[in-house]
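Welcome, and thanks for taking a look at this model with us. Please keep the structure open while you read, as the tour starts at the ligand and then moves on to the sheets.

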Amino acid sequence: MTSYSTLLVETGDNILMLRLNRPDALNALNSQMFDELKSFFANDYKAYAFGSVIITGTGEKAFAAGADIKELNGLKSADAERLSAKGQSIFKLIEEFHAPVIAAVNGFSLGGGCELAMACHFRIASTKAKFGQPEVNLGIIPGYGGTQRLVQLVGKGKAMELLMTGDMVGAEEALRLGLVNYVVEPEQLLDKAKELATKINTKGPLAIKGVIRCVNGNFVPGVDGYHLEAKTFGQIADSEDFLEGTSAFIEKRKAAFKGH
Ligand code: COA
């Protein structure tokens with residue numbers, strides 16, 4: 001298995017726990033972490049058995065406190081645009097990943113950290129989590145999809161306010177806004193994420209992949225989501241898993257899905 005310097009990977013029960021691991025910098029996303037996230041989602045995941053991914057932060061304080069500000073300092077136009085495009089493409093890889101990616105947000109989830117959490121399929125927060133896009137405090141805008149995904153999750157008006165003020169919101173407010181699905185005590189955070197991941201792991205992997213694809217299709221300009229749904233429904237109908245799922249129901253037994 002690949003070893004990383006900014007990520008820790010733990011496996012068990014068909015769940016991959018990916019810990020952002022730069023606790024001294026509050027898990028700020030530097031270029032090494034971006035490269036390693038890309039390597040994990042584009043290549044290394046395949047080396048493990050199929051299953052859900054949970055992303056969380058090492059330490060008690062932060063999920064990720066943003067892009068590494070030390071790397072941003074002094075950046076000029078062309079390099080900045082390239083960096084933004086690179087970050088966006090890696091977070092898109094996560095958003096479009098075929099297996100569930102759940103963010104378990106344990107603390108500060110700011111700037112790029114909030115953008116990473118929003119690129120995950122859904123989010124669970126500990127009571128200590130804090131979310132925000134404080135880039136305007138640095139005189140810049142979010143560059144890894146924050147101006148787009150925040151609107152999708154909380155609506156235009158609130159997104160405008162949060163993006164323009166740079167204010168943080170706590171876990172309960174994030175729940176109220178629809179930014180996170182659950183708020184739990186810090187010591188229950190990973191259990192809650194694992195509980196949901198375990199439940200999803202019992203479902204047909206092709207069906208889960210289809211759900212992710214079709215829901216994402218809703219946000220792609222020019223894509224007819226209903227057409228995409230019908231097409232995906234048709235493709236999955238040819239699978240052994242679909243036959244297994246319907247047969248298991250009729251035979252009153254648990255389905256044993258294989259992912260094909
Ligand atoms: N990039 C690089 N380093 C960061 C960082 C970031 N985004 N966020 C925190 N750190 C580093 C700090 O520089 C500090 O390192 P040091 O001990 O070597 O000085 C360490 O992490 C701890 O942070 P500190 O600021 O001392 O903790 P705090 O509890 O006082 O404040 C925050 C926590 C999250 C409020 C504060 O760190 C912060 O505002 N971070 C930047 C958030 C941000 O603007 N993100 C968007 C970036 S585009």
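How many Å separate a nitrogen atom of the ligand from a polar backbone atom of A65? The distance is 3.0 Å. Please bear in mind throughout that the model is predicted.

**Around the ligand**

A65 has company here: the ligand is surrounded by 18 residues, and those that come nearest are D24, K61, A65, A67 and I69. Three of these residues place a backbone atom at a short listed distance from a nitrogen atom of the ligand, as the table sets out.

| Residue | Backbone atom | Ligand atom | Distance |
|---|---|---|---|
| A65 | polar backbone atom | nitrogen | 3.0 Å |
| A67 | backbone N or O | nitrogen | 3.0 Å |
| I69 | backbone N or O | nitrogen | 2.9 Å |

On its own the ligand would expose 870 Å², and the protein buries 60% of that area. Sorted by class, the shell holds eleven nonpolar residues, five charged ones and two polar ones.

Which elements each supply at least two residues of this shell? They are α2, spanning 69-72, and β6, spanning 108-110. The largest share, three residues, belongs to α2.

**The sheet that includes β6**

Following β6 away from the ligand brings you to an open sheet of four strands, ordered β4-β6-β8-β9 and mixed in its pairing. Its edges are β4 (62-64) and β9 (168-170), each of which pairs on one side only. On average, neighbouring strands in this sheet are turned by 20° against each other, ignoring direction.

For a closer view of one pair, look at β8, residues 130-132, which is antiparallel to β9 and joined to that strand by three bridges. Here K130 stands opposite G170 of β9. Helix α4, made of residues 112-119, lies across β4, β6 and β8, and runs at about 90° to β6.

**The six-stranded sheet**

There is another open sheet to explore, with six strands in the order β1-β2-β3-β5-β7-β10 and again mixed pairing. The strands at its edges are β1 (7-12) and β10 (182-184), each pairing on one side only. Ignoring direction, the average turn between neighbouring strands of this sheet is 20°.

In which sense do β5 and β7 run, parallel or antiparallel? Strand β5 (residues 101-105) and strand β7 (residues 122-126) run parallel, joined by four bridges. Within this pair, A103 has R123 of β7 as its bridge partner. Helix α8, residues 189-201, packs on the sheet and touches β2 (15-20), β3 (52-57), β5, β7 and β10. The direction of α8 makes about 155° with that of β7.

Definitions and conventions
Residues are numbered from 1 along each chain as its sequence is written. This is a predicted model: local features need pLDDT of at least 70, side-chain atom pairs count only at pLDDT 80 or more; totals for chains, interfaces and linings use all residues. Side-chain values use heavy atoms; hydrogens and water are left out. A residue is near a molecule or strand if one of its heavy atoms lies within 4 Å of it. A polar contact is a pair of N or O atoms within 3.5 Å; within protein, one must be able to donate a hydrogen and the other to accept it, and residues adjacent in sequence count only if both atoms are side-chain atoms. Accessible areas come from the Shrake-Rupley method with a 1.4 Å probe; for residues, only the protein chains shown count as cover. Ala, Val, Leu, Ile, Met, Phe, Trp, Tyr, Cys and Pro count as nonpolar, Asp, Glu, Lys and Arg as charged, and the others, Gly among them, as polar. Two strands pair if DSSP finds at least two bridges between them. Axes are lines fitted to C-alpha atoms, for helices over the stretch in contact, and angles run from 0 to 180 degrees between N-to-C directions. Contact means heavy atoms within 4.5 Å.
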